[in-house]
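Trainee: Got a minute? I have a model open and would like to walk through it with you.
Mentor: Sure. Put it up and ask away.

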Amino acid sequence: MAVVIGDTCINCAACIDECPVEAIVDEDDNPTGEECYYVYPDKCVECVGHFDEPACAEACPTEGCITWDMPFTAEYKSYFEGDNYHDEKPYVCEDCDTEQPFREDISIEDRQAHKPVVED
Ligand code: SF4
Ligand code: SF4
């Protein structure tokens, strides 16, 4: 992944059109059944090669809603196969064999802690 949208999401739609790779879906298409927007971890590129910062988080009005998550690489694939989404639900991926770029300046510790992408 990437980034994850938390359950404080207010379904405002500010993020969805900002994503350069169409990794975000709304609550109606959230494959986990949660009533919030969802980032497909196998599609999110952390805006690497597109913007200086994750565009979704820059657009989000809800403080701390979009947080860092683990890189979607072979090394961390088991994380996305486990019950690590909201309320211990599993993530849903469309192409689990893929790997995606990630921001190496964000530490694994900050990702594990789900540090907000945008901090005041
Ligand atoms: S970080 Fe960038 S690529 Fe990832 S979901 Fe947000 S806008 Fe899309
Ligand atoms: S901008 Fe933030 S609050 Fe609005 S739909 Fe996206 S994640 Fe949810």
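Trainee: Let's start with ligand 2. Which residues come nearest to ligand 2?
Mentor: Keep in mind that this is a predicted model. There are 14 residues around ligand 2, and Cys9, Cys12, Ala14, Cys15 and Cys60 come nearest.

Trainee: What classes of residue make up the shell around ligand 2?
Mentor: That shell has 12 nonpolar residues and two polar ones. It has no charged residues.

Trainee: And ligand 1? Which residues come nearest there?
Mentor: Cys19, Cys44, Cys47, Pro54 and Cys56 come nearest, out of 16 residues around ligand 1.

Trainee: How does the shell of ligand 1 divide by class?
Mentor: Here 14 are nonpolar and two are charged. No polar residues appear in the shell around ligand 1.

Trainee: New topic. How many helices and strands are there in the protein chain?
Mentor: Three helices and four strands. Read from the N terminus, the order is β-β-β-α-β-α-α.

Trainee: Why call the chain as compact as a globular protein of that length?
Mentor: Its radius of gyration is 13 Å, and the globule rule gives 14 Å for 120 residues. Those values are close, so the chain is as compact as a globular protein of that length. The C-alpha trace spans about 35 × 30 × 25 Å along its principal axes.

Trainee: What share of the residues count as buried?
Mentor: Of the 120 residues, 32%.

Trainee: And what about contacts between residues far along the chain?
Mentor: Take the contacts with a separation of 6 or more. Residues 24 or more positions apart account for 74% of them.

Trainee: Which residues have the most contacts inside the largest nonpolar core?
Mentor: Val3, Ile5, Ile24, Val39, Cys44, Cys56 and Ile66. The core has 25 residues. Strand 1 (3-5), strand 3 (38-39), helix 1 (55-59) and strand 4 (66-68) each supply at least two of its residues. Strand 1 gives the largest share, with three residues.

Trainee: Ile5 was on that list. What does Ile5 touch?
Mentor: Leave out residues up to four places away in sequence. Then Ile5 touches Cys36, Tyr37, Tyr38, Val39, Cys65 and Ile66.

Trainee: Now Asp7. Where is Asp7 found?
Mentor: In the loop between strand 1 and strand 2.

Trainee: Is Asp7 buried or exposed, and why?
Mentor: Asp7 is exposed, because just 11 other C-beta atoms lie within 10 Å, and the cut-off for exposed is 12 or fewer.

Trainee: What is Asp7 in contact with?
Mentor: Beyond its neighbours within four places in sequence, Asp7 contacts Glu34, Cys36 and His86. Check Tyr38 too: its C-alpha atom is 9.7 Å from that of Asp7, and the two are 31 residues apart along the chain.

Trainee: Last one: the backbone. What is phi of Asn11?
Mentor: Near 55 degrees, a positive value in a residue other than glycine. Most residues other than glycine have a negative phi. Glu22 also has a positive phi, about 55 degrees.

Trainee: Where do Asn11 and Glu22 sit?
Mentor: Asn11 is in the loop between strand 1 and strand 2 (24-25). Glu22 is found in the loop between strand 1 and strand 2 as well.

Trainee: Why does Glu22 count as exposed, and why is Asn11 partly exposed?
Mentor: Count C-beta neighbours inside 10 Å. Glu22 has 10, so it counts as exposed. Asn11 has 14, so Asn11 counts as partly exposed.

Key:
Residues numbered from 1 in each chain as written. Chains lettered and ligands numbered in written order. Predicted model: local features only at pLDDT ≥ 70, side-chain atom pairs only at ≥ 80, totals over all residues. Near = placed C-beta within 6 Å. Nonpolar A, V, L, I, M, F, W, Y, C, P; charged D, E, K, R; others polar. Core = buried A, V, L, I, M, F, W, Y, C linked by C-beta atoms within 7 Å. Buried ≥ 20, exposed ≤ 12 C-beta atoms within 10 Å, placed from the backbone. Contact = placed C-beta atoms within 7 Å. Rg over C-alpha atoms; globule rule 2.2 N^0.38 Å.
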